[in-house]
Amino acid sequence: MNKTVTFCSLAVIMICISSCRIQNPRYFNSPSAQAPVYLEKKGDKRVTANIAILPKHENSEFDQLLNSSGARNSYTVGFDLGTAYAFSDRFMGTLGGFYRKEKDAFSDNDILQTKSTSKINYTRKAFDVGLGTLIPFGEQKIMIFNPIIGTNFGRSESFLYSTSNTTRDTRIFYFHGNYHKFYLKPNLNFHFNKNFKMSFIPQVSVMKYHDIEDNYPGDSQEFLGLNRLRKENMWLFEPATFYQIGLNEQEWLKLDLGIAFSFYPHAKDIPEKLRTRNVQLSIGFSIYP
């Protein structure tokens, strides 16, 4: 009896999965990988440049089963630039920007609803401005609480291509939009010594798209969740951790290493496949003139 119930349950699950439309995810956000500023007093300033990457990776067979879509591989590459200045021992400002190129390759096409292969290319760019405070703890100032409130003014563009030689449909589908993204970045900076510092950053963000242009069919906008970007604020949890390493001989130059995450709480809504990129690796340098 138990075997019969189990078999019937599995059959129902497989039928439901097979009856779903092909739905490849769409990524409305990529986490920023800007390194913390590590300022301590009035007049401190910093300039930084980081390379942001997510190496090529593939989804698992289990993910393919749950997502009712075929194989996928993805990669991301880009850079982050930023500068910061302490106006006093307690207040500071930041300016920055980033650029991203992203690609997802699929073994199917969720607009044509065929087994033709497809790919989606993304380009993202944004300008960032923020204001923050510096609150040291203890006489040695080993920990400095550095909350920053800021916003990104950005643009995201994406193109969906059919890459199969067996289909005659050569249409290119696009989805472009400007956005602003407000964030609270409560940096917990640990200044262990002048050559080793680290940070934990439990960032919270809210993102809103506007001036959207696209040629996706109406039903595709609905089942992919793209209509959400027209109507809703997208709340994100974007924690990060960074490490800074220096040398005694070159006190003005530091190596920055970090990893930034981004989580969209509504990503599990069915049937929508609207997503944020979940992780970004970062490596670069900070200069303290």
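This passage describes a surface patch, the internal cavities and the setting of one proline in a predicted model.

A nonpolar patch of about 950 Å² lies on the surface. The residues that make the patch are Ile51, Ile53, Tyr75, Val77, Ile142, Phe192, Phe196, Tyr243, Ile245, Leu257, Leu281 and Ile283. At least two patch residues come from each of strand 2 (45–58), strand 3 (72–86), strand 10 (234–247) and strand 13 (279–287). One of the patch residues, Ile245, is located in strand 10. Ile245 is classed as partly exposed because its relative accessibility is 38%, a value between the limits of 20% for buried and 50% for exposed residues.

Four cavities of 30 Å³ or more are present in the structure. The volume of the largest cavity is about 210 Å³. This cavity is lined by 20 residues, of which Ser32, Ala33, Gln34, Lys185 and Gln203 are the closest to its centre. Strand 8 (173–193), strand 9, strand 10 and strand 11 (250–261) each contribute at least two residues to the lining of the largest cavity. Strand 10 thus appears both in the nonpolar patch and in the cavity lining.

Strand 9 spans residues 196–214 and includes Pro202. With a relative accessibility of 23%, Pro202 is therefore counted as partly exposed. Leaving aside residues up to four places away in sequence, Pro202 is in contact with Leu184, Pro186, Phe237 and Pro239. For one of these partners, Leu184, the C-alpha atom is 8.6 Å from that of Pro202, and the two residues are 18 residues apart along the chain.

Methods. Residues numbered from 1 in each chain as written. Predicted model: local features only at pLDDT ≥ 70, side-chain atom pairs only at ≥ 80, totals over all residues. Heavy atoms only, no water. Helix = DSSP H or I, 4+ residues; strand = E, 2+ residues; numbered from the N terminus. Buried < 20%, exposed > 50% of the residue type's maximum accessible area, 1.4 Å probe, protein only. Contact = heavy atoms within 4.5 Å. Patch = residues over 30% accessible without salt bridge, like charges linked within 9 Å, V, L, I, M, F, W, Y side chains within 5 Å. Areas by Shrake-Rupley, 256 points an atom, 1.4 Å probe, with all protein chains shown as cover. Salt bridge = Lys/Arg side-chain N within 4 Å of Asp/Glu carboxyl O. 1 Å grid on protein atoms, 1.4 Å probe; cavity = no way out; pocket = protein on both sides within 12 Å on 5 of 7 lines; lining within 4 Å. Points joined across faces, edges and corners; volume = space filled by probe spheres on them.
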